[in-house]
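Trainee: I should like to study this protein chain through questions and answers. Please explain any term when it first becomes necessary.

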Amino acid sequence: MSPIAARKVAYQKLIRDYLRCAATVDDNIGKLLDALDDMGIADNTIVIYVADQGYFLGEHGFFDKRMYYEEAARMPFVIRYPGEVPAGKRVDDLILNVDFAATLADYAGADAPEGSQGRSFRDNLRGDTPDDWRTSIYYRYWTQHKERPAHIGVRTDRYKLIFLYGNRLDMTGSTDYVSRPSWEFYDLQEDPYEDHNAYNDPQYQDIIKKMKKEMMRLRTETGDTDASRPVMLDILRSQGL
């Protein structure tokens with residue numbers, strides 16, 4: 001087949017497999033919930049569905065995941081616990097996958113695993129978000145490829161800043177291709193599909209400065225400082241960071 005025809009065939013297979021998988025998961029979770037209802041133990045049973053990051057299905061010209069766009073950055077977390085969690089509620093707080101372990105331990109009446117990161121969001125699910133809950137999240141994708149540069153990012157409830165530093169550093173699974181460092185910024189309220197890189201838009205310059213400071217703060221907080229990687233430190237300095 002021609003390259004275009006081959007891509008079309010691959011895309012159709014990916015879409016079919018994706019939809020079949022989603023339908024199967026939905027059907028079988030439904031059977032599980034029905035069984036709990038039939039046994040009369042639904043109110044005292046916690047059912048949680050989680051998964052890995054989402055998949056690109058052609059958005060932004062991508063398949064797979066890895067880039068810090070919403071389609072791939074988001075992870076499903078669905079819970080049914082009639083005894084505590086209101087039905088039909090959607091929580092808009094910034095939750096990380098490192099919070100999962102602490103939350104499951106909380107429900108089990110146990111302490112979070114020693115050395116684990118994150119915190120329980122049980123109160124958030126009840127509708128009682130702690131006053132000191134995080135207002136930003138940090139992201140890093142390590143491996144370097146021409147079509148998928150290594151990058152770091154920070155996201156708040158409305159804004160997202162991505163720094164594509166474009167160097168493999170010492171990471172396995174990367175190519176030796178070095179790309180020019182670049183930035184992307186999105187107003188997720190005005191541009192929810194992240195179609196317009198507003199990094200050079202004058203109206204956002206003050207916000208971008210704050211986002212850069214927050215990104216560096218979170219790097220320190222998580223211990224992801226690249227202290228042993230002089231190449232990365234040089235890249236950051238070249239960007240005024």
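Mentor: A residue is buried under 20% relative accessible area, exposed over 50% and partly exposed in between (1.4 Å probe, protein chains only). This is a predicted model, in which local features need pLDDT of at least 70 and side-chain atom pairs count only at pLDDT 80 or more, while totals for chains, interfaces and linings use all residues. Residues are numbered from 1 along each chain as its sequence is written, and side-chain values use heavy atoms, without hydrogens and water.

Trainee: What percentage of the residues of the chain count as buried?

Mentor: The C-alpha atoms of the chain fill a box of roughly 60 × 55 × 40 Å along the principal axes. The chain has 241 residues, and the share that counts as buried is 36%.

Trainee: How many helices and strands are there in the chain?

Mentor: Helices (H or I, at least four residues) and strands (E, at least two) are DSSP runs, numbered from the N terminus. Along the sequence, the chain follows the pattern α-β-β-β-α-β-α-α-β-β-β-β-α-α. The totals are 6 helices and 8 strands.

Trainee: Which strands stand at the edges of the open sheet, and why is one side of each left without a neighbour?

Mentor: Two strands pair if DSSP finds at least two bridges between them. The open sheet has 4 strands in the order E5-E6-E7-E8, with antiparallel pairing. Each edge strand has a single partner strand, so one side of it has no neighbour in the sheet; the edge strands are E5 (137-141) and E8.

Trainee: How many bridges join E6 to E7?

Mentor: A hairpin of 3 residues connects E6 to E7. Within this pair, Arg155 has Lys160 of E7 as its bridge partner, and Ile152 stands opposite Phe163 in E7. The two strands run antiparallel, and the number of bridges joining them is 5.

Trainee: Which residue in E6 is the bridge partner of Tyr139?

Mentor: Strands E5 and E6 run antiparallel and are joined by 5 bridges. One bridge of E6 pairs Tyr139 with Gly153.

Trainee: How many of the residues of E6 are buried?

Mentor: His151, Gly153 and Arg155 point one way from E6, whereas Ile152 and Val154 point the other way. Both groups are buried. E6 is therefore described as mostly covered, and its count of buried residues, out of 5, is 5.

Trainee: Which helix supplies the largest share of the largest nonpolar core?

Mentor: A nonpolar core is a set of buried Ala, Val, Leu, Ile, Met, Phe, Trp, Tyr and Cys residues joined through side-chain atoms within 4.5 Å. The largest one has 21 residues, and Ile152, Leu161, Phe163, Tyr165, Phe185 and Met215 have the most contacts inside it. At least two of its residues come from each of strand E6 (151-155), strand E7 (159-164), strand E8 (182-187), helix H5 (205-222) and helix H6 (230-238). The largest share, 4 residues, is supplied by H5.

Trainee: How many residues does the other core have?

Mentor: Consider first Ile152 in the largest core, where contact means heavy atoms within 4.5 Å. Leaving aside neighbours within four places in sequence, the contacts of Ile152 include Tyr138, Leu161, Phe163, Met215 and Met232. Another core lies apart from the largest one, with Phe62, Ala72, Leu94 and Ile137 among its members, and its residue count is 14.

Trainee: What is the angle between the planes of Phe56 and Phe62?

Mentor: Rings of Phe, Tyr and Trp (its six-membered ring) pair if their centres lie within 6.5 Å; planes under 30 degrees apart count as stacked, over 60 as edge-to-face and the rest as tilted. The whole structure holds 15 aromatic pairs. Phe56 and Phe62 form a tilted pair with centres 5.5 Å apart and an angle between planes of 35°.

Trainee: Are Phe56 and Phe62 buried or exposed, and which other residues share their aromatic cluster?

Mentor: Both Phe56 and Phe62 are buried. One aromatic cluster holds these two together with Tyr69 and Tyr186.

Trainee: How many residues apart are Tyr159 and Tyr204?

Mentor: At 15% relative accessibility, Tyr159 counts as buried, and Tyr204 counts as buried at 9%. Their ring centres are 6.2 Å apart and their planes stand at 70°, so the pair is edge-to-face. Tyr159 belongs to strand E7 and Tyr204 to the loop between E8 and H5; the pair links distant parts of the chain, and the separation in residues is 45.
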